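These are my notes on the model, set out as numbered points. Please read them with the structure open.

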Amino acid sequence: MAELSSFTIDGLKCMAREGTSIIDAARQNSRYIPTLCNLEGVPPKGACRICSVRVNGKLMTACTTKLSPGMEIENDTSELNDLRKAIIEMLFVEGNHFCPSCEKSGECELQALAYRYKMEVPRYPYFFPKRPIDASHPRIVKDHNRCILCKRCVRAVKDEKGRSIFAFLDRGFETRIYVDPDLAGQLTEERARKAVEVCPVGAIMPRDEAFKTPIGQRMYDKKPIGSDV
Amino acid sequence: MQKPVIATASLAGCFGCHMSLLDIDERILDLIELVDFNKSPINDIKEFTAECDIGLIEGGCCLDENVHVLREFRNHCRILISMGECAIMGGLPAMRNGISVRECLEEAYLNGPSVRNYNEGKVLPNDEELPVLLNRVYPCHEVVKMDYFLPGCPPDAELLWQALTALIHNKEMDLPYEVFKFD
């Protein structure tokens, strides 16, 4: 077991074991660093950059950076929070995020982050890309309009033989999630539910249910994301 | 001192935001003490009769007529507010943005299940009195400068009340978490 090391977050003294990710180290000290593509139990990817912090003055992603002794971490600063807000805004304009008609609304991590950072309107122009909805699978619907390419489904959902059901297809602006039709056809109910749960937005939805939780009782209706830290 | 003057309009919206404004309940009586209303569907004043302090815009721009009304509001209102998701990002009308105008019209008037057997002359409405559909739906701030944005579908009555009273009393807007929502 590694030694406890001291470090600071926004000038406050903290302690955690060396080698833990900065995200976890911060959480252990009740400091919230926002995450979006990060998923507990799955190796971090550093894809969304929402968790960017300044470590000794340098921008790093807190999910992929391991703690070392004496780190001076900046987290809850106006500069970093605006940077995070800008990333959220880019994600909103890049896809088609119609919150009023989305089944995930109220439970969506992207939306919850937009609430937390008080996004009134994105500073960037809307793209309105033309993207399809893939409703060809028996248990799940893949809506490419809402996908933010966090790769959580690719990383976390495998079948019983360890094969990937989801994968990246194409590159750049054309990048999208490919759903293997054979493996998706054989998805057990449990794995289909997991695929829905790991998706931070409404891009993977179950086929037969929607709008189950009334407005006012959904996960982020009353408390901002990160309130549990 | 003269009371601040408010004007409102619904462009490509469903009037839900206006309904939400009425949802401030009995405080509507306080509001009419605080402000005068000019051009608005609430009082049915059709043309501007005075310069206004606050313009509330519901809905985005889906027709050339919406652009005309929005520009008129920009010219007559000191402060212009995007009220609701449609004004802010196009909202549900913007779901047509990936589809061509011709395809939309053909679906609505020629091919849709409720019109297929009834539009015998295969006519698309094209009277010159009718406003023309834009190539896509535009958020208001992509057409004119908007000063404030109140999200929600519709924005919570409390959010509208807080924002309006803050503006009228020249205070900073407090946007409480519980009512700052996109749905």
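1. G55(B) faces L80(B), which belongs to β5(B). The model is a predicted one, and the pairing belongs to a longer register: β3 (residues 52–58) and β5 (residues 77–83) of chain B run parallel and are joined by six bridges. Further along, S82(B) in β5(B) is the residue opposite I57(B).

2. On the β1 side, β3(B) is also paired in the parallel sense, with five bridges linking β1(B) and β3(B). I54(B) in β3(B) is the bridge partner of I6(B). Strands of a sheet are held in such pairs by backbone hydrogen bonds, parallel or antiparallel.

3. These strands belong to an open sheet of five strands in chain B, ordered β2-β1-β3-β5-β7 and paired in parallel. Which strands form its edges? They are β2 (36–37) and β7 (148–150) of chain B, each of which pairs on one side only.

4. Is β3(B) mostly covered or mostly open? Mostly covered: of its seven residues, six are buried. Helix α3 of chain B, residues 64–76, lies across β1 (5–10), β3 and β5. Relative to β5(B), this helix runs at about 135°.

5. I57(B) deserves a separate look. Setting aside residues up to four places away in sequence, I57(B) touches A9(B), L11(B), L70(B), F73(B), L80(B), I81(B), S82(B), M83(B), A87(B) and C140(B). One of these, S82(B), is also the residue opposite I57(B) in β5(B).

6. I57(B) appears again in the largest nonpolar core, which has 97 residues; I57(B), I22(A) and L110(A) are those with the most contacts inside it. Residues of this core come from both domain 1 (4–76) and domain 2 (133–206) of chain A, so the core lies between those domains. As a general point, nonpolar side chains in soluble globular proteins tend to be buried together.

7. The division of chain A is into domain 1 (4–76) and domain 2 (133–206). Their centres, taken over C-alpha atoms, are separated by 28 Å. Seven residues from domain 1 of chain A and seven residues from domain 2 of chain A take part in the contact. On the domain 1 side, the residues touching domain 2 comprise six nonpolar, no polar and one charged.

8. Elsewhere in chain A, strands β8 (residues 166–169) and β9 (residues 176–179) run antiparallel and are joined by four bridges. L169(A) is placed opposite R176(A) of β9(A). The two strands form a hairpin with six residues between them, and D170(A) in the turn has a positive phi of about 60°.

9. How many residues does each chain give to the contact between chains A and B? Chain A gives 17 residues and chain B gives 23 residues. The chain A side that touches chain B is made up of nine nonpolar, four polar and four charged residues.

10. Two leucines of chain B should be checked. L22(B) is in helix α1 (residues 16–22) of chain B. Is L22(B) buried or exposed? L22(B) is exposed, because 11 other C-beta atoms lie within 10 Å, and a residue counts as exposed with 12 or fewer. The C-alpha atom of L22(B) is separated by 9.9 Å from that of L160(B), although 138 residues lie along the chain from one to the other.

11. The second leucine, L130(B), sits in the loop between α5 (101–111) and β6 (133–138) of chain B. L130(B) has 10 other C-beta atoms within 10 Å and is therefore exposed. Its C-alpha atom and that of D64(B) are separated by 9.8 Å, the two residues being 66 apart along the chain.

12. For chain B overall, the count is six helices and seven strands. From the N terminus on, these elements run β-α-α-β-β-β-α-β-α-α-β-β-α. Of the 183 residues of chain B, 35% count as buried. Among contacts in chain B between residues at least 6 apart in sequence, those joining residues at least 24 apart make up 78%. Along the principal axes, the C-alpha atoms of chain B fill a box of roughly 60 × 35 × 30 Å.

Methods
Residues are numbered from 1 along each chain as its sequence is written. Chains are lettered from A and ligands numbered from 1 in the order in which they are written. This is a predicted model: local features need pLDDT of at least 70, side-chain atom pairs count only at pLDDT 80 or more; totals for chains, interfaces and linings use all residues. A nonpolar core is a set of buried Ala, Val, Leu, Ile, Met, Phe, Trp, Tyr and Cys residues joined through C-beta atoms within 7 Å. A residue is buried if 20 or more other C-beta atoms lie within 10 Å of its own, exposed if 12 or fewer, and partly exposed in between; C-beta atoms are placed from the backbone. Domain bounds come from an automatic or database domain assignment. Two residues are in contact if their C-beta atoms, placed from the backbone, lie within 7 Å. Ala, Val, Leu, Ile, Met, Phe, Trp, Tyr, Cys and Pro count as nonpolar, Asp, Glu, Lys and Arg as charged, and the others, Gly among them, as polar. Two strands pair if DSSP finds at least two bridges between them. Axes are lines fitted to C-alpha atoms, for helices over the stretch in contact, and angles run from 0 to 180 degrees between N-to-C directions.
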